[in-house]
Amino acid sequence: MSNSELVVLGQDEAVACCSPMVREPLGEEAAVDLAKMFKALSDPVRLRLLSLIASHEGGEACVCDLTGPFDVSQPTISHHLKVLREAGLVGSERRGTWVYYWVLPAALAKLSSLLQAPAAASAGAAR
């Protein structure tokens, strides 16, 4: 077995587009795009849906697997999935009568790189 480093594709673009807020202010367009993502994640049902999709075996989930854990109707789940899709957090594809969803890694990288604090800022906050 090789000890070579695993390369994650698509992360360079996400990191390059959004430097952390502690280094430079966000531009207007970037702020609008990121606000859509954060607004989509501000709802507990949508946050749980994103987590369910991301943790589902194989990295994608059928809508039929996403309705059970919630005390809301199927149309409400569909609405929340639409919001996540329009915010650019998940992708989807219809296969027969079901729609399958997966988390878009570049979107998560974009959010995490924005909030990542430099090591010096982290050390100062610990004081």
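What follows is a chat about helix H3 and a few side chains in a predicted model.

Trainee: What distance separates the end C-alpha atoms of H3, and what should its twelve residues span?
Mentor: The ends of H3, residues 44-55, are 16 Å apart, and at 1.5 Å a residue the expected span is 16 Å as well, so the two agree.

Trainee: Which residues of H3 are buried?
Mentor: Val45, Arg46, Leu49, Leu50 and Ile53. Looking down the axis of H3, they fall within an arc of 135 degrees, so they line one face of the helix.

Trainee: Why would residues three or four places apart point the same way?
Mentor: Because an α-helix has 3.6 residues a turn.

Trainee: OK, and what covers the buried residues of H3?
Mentor: Helices H2 (28-41), H4 (74-86) and H5 (105-115) are among the elements that do, along with strands S1 (60-62), S2 (90-95) and S3 (98-103).

Trainee: Which exposed residues sit on the face turned away from the buried side of H3?
Mentor: Pro44 and Ser55.

Trainee: What does the side chain of Asp43 reach at the start of H3?
Mentor: A side-chain oxygen of Asp43 comes within 2.8 Å of the backbone nitrogen of Val45.

Trainee: Switching topic: where is His79?
Mentor: In helix H4. His79 has 45% relative accessibility, so it counts as partly exposed. Its C-alpha atom is 9.6 Å from that of Arg46, with the two residues 33 apart along the chain.

Trainee: How many aromatic pairs does the structure hold?
Mentor: Zero.

Trainee: And what lies over the face of Tyr100?
Mentor: Arg95 does, at 4.4 Å from the ring centre.

Technical notes
Residues numbered from 1 in each chain as written. Predicted model: local features only at pLDDT ≥ 70, side-chain atom pairs only at ≥ 80, totals over all residues. Heavy atoms only, no water. Helix = DSSP H or I, 4+ residues; strand = E, 2+ residues; numbered from the N terminus. Expected span 1.5 Å × (residues − 1). Buried < 20%, exposed > 50% of the residue type's maximum accessible area, 1.4 Å probe, protein only. Arc of directions from axis to C-beta. Contact = heavy atoms within 4.5 Å. Polar contact = N/O pair within 3.5 Å; in protein donor to acceptor, adjacent residues only side chain to side chain. Phe/Tyr/Trp six-rings, centres within 6.5 Å; stacked < 30°, edge-to-face > 60°. Lys NZ or Arg CZ within 6 Å of the ring centre and 35° of its normal.
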